[in-house]
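Here is a short briefing for a first look at this structure. Start with the overall layout, then move to strand pairing and the core.

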Amino acid sequence: MQHGQGAATYRDGHVYHGGWKEGAEHVQGTFTLTLADGSKYVGQFKNNLPNGHGTYTFADGEKYVGEFKDGKQH
């Protein structure tokens with residue numbers, strides 16, 4: 001179980017730099033998530049969900065830059 005600071009590149013191409021707590025991406029971390037539809041999230045993560053400041057770029061190029069809470073724009 002991951003715990004502490006580090007970096008991971010997953011098989012699907014997702015990249016995470018930050019901390020883990022009891023196996024979950026947590027604390028201040030930056031996660032680059034590229035989805036199958038071409039959208040992308042770069043920002044802070046907590047408990048495996050976008051939480052804190054981040055940028056979500058939609059497949060059509062539109063962007064949301066701001067706060068996220070429990071995976072949703074906030």
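## Briefing: strands, hairpins and core

The chain has seven strands and zero helices. Read from the N terminus, its elements run β-β-β-β-β-β-β. Keep in mind that this is a predicted model.

**Chain totals**

- The chain holds 74 residues, and 32% of them count as buried.
- About 4900 Å² of the chain is exposed. Carbon and sulfur atoms supply 50% of that area.
- Take the contacts in the chain with a separation of 6 or more: residues 24 or more positions apart account for 2% of them.

**Strand 1 with strand 2**

- Strand 1 covers residues 4-9 and runs antiparallel to strand 2. Six bridges join the two.
- One bridge links Gly4 to Trp20, its partner in strand 2.
- Five residues lie between the strands in this hairpin. Gly13 takes a positive phi there, near 95°.

**Strand 4 with strand 5**

- Strand 5 spans residues 49-57. It pairs with strand 4 in the antiparallel sense, over six bridges.
- Gly43 has Gly54 of strand 5 as its bridge partner.
- The hairpin has two residues between the strands. In it, Asn47 has a positive phi near 55°.

**Strand 5 with strand 6**

- Strand 5 also pairs with strand 6, again antiparallel and over six bridges.
- Here Tyr56 is bridged to Tyr64 in strand 6.
- This hairpin has five residues between its strands, and Gly61 takes a positive phi near 100°.

**The nonpolar core**

- The largest nonpolar core has 10 residues. Tyrosines in it are Tyr16, Tyr41, Tyr56 and Tyr64. Phenylalanines are Phe31, Phe45 and Phe68. Ala8, Trp20 and Leu33 complete the set.
- Which strands each supply at least two residues of this core? They are strand 2 (15-21), strand 3 (24-34), strand 4 (40-46) and strand 6 (63-69).
- Two core members, Tyr56 and Tyr64, are also the bridge partners that link strand 5 and strand 6.
- Trp20 belongs to the core and is the bridge partner of Gly4.

**A closer look at Phe68**

- Phe68 is one of the core residues.
- Leave aside its neighbours within four places in sequence. Phe68 is then in contact with Tyr41, Pro50, Asn51, Gly52, Gly54, Thr55, Tyr56, Gln73 and His74.
- Among these contacts, Tyr41 and Tyr56 are core residues too.
- Another, Gly54, is the bridge partner of Gly43.

Definitions and conventions:
Residues numbered from 1 in each chain as written. Predicted model: local features only at pLDDT ≥ 70, side-chain atom pairs only at ≥ 80, totals over all residues. Heavy atoms only, no water. Core = buried A, V, L, I, M, F, W, Y, C linked by side-chain atoms within 4.5 Å. Buried < 20%, exposed > 50% of the residue type's maximum accessible area, 1.4 Å probe, protein only. Helix = DSSP H or I, 4+ residues; strand = E, 2+ residues; numbered from the N terminus. Contact = heavy atoms within 4.5 Å. Pairing = 2+ DSSP bridges. Areas by Shrake-Rupley, 256 points an atom, 1.4 Å probe, with all protein chains shown as cover.
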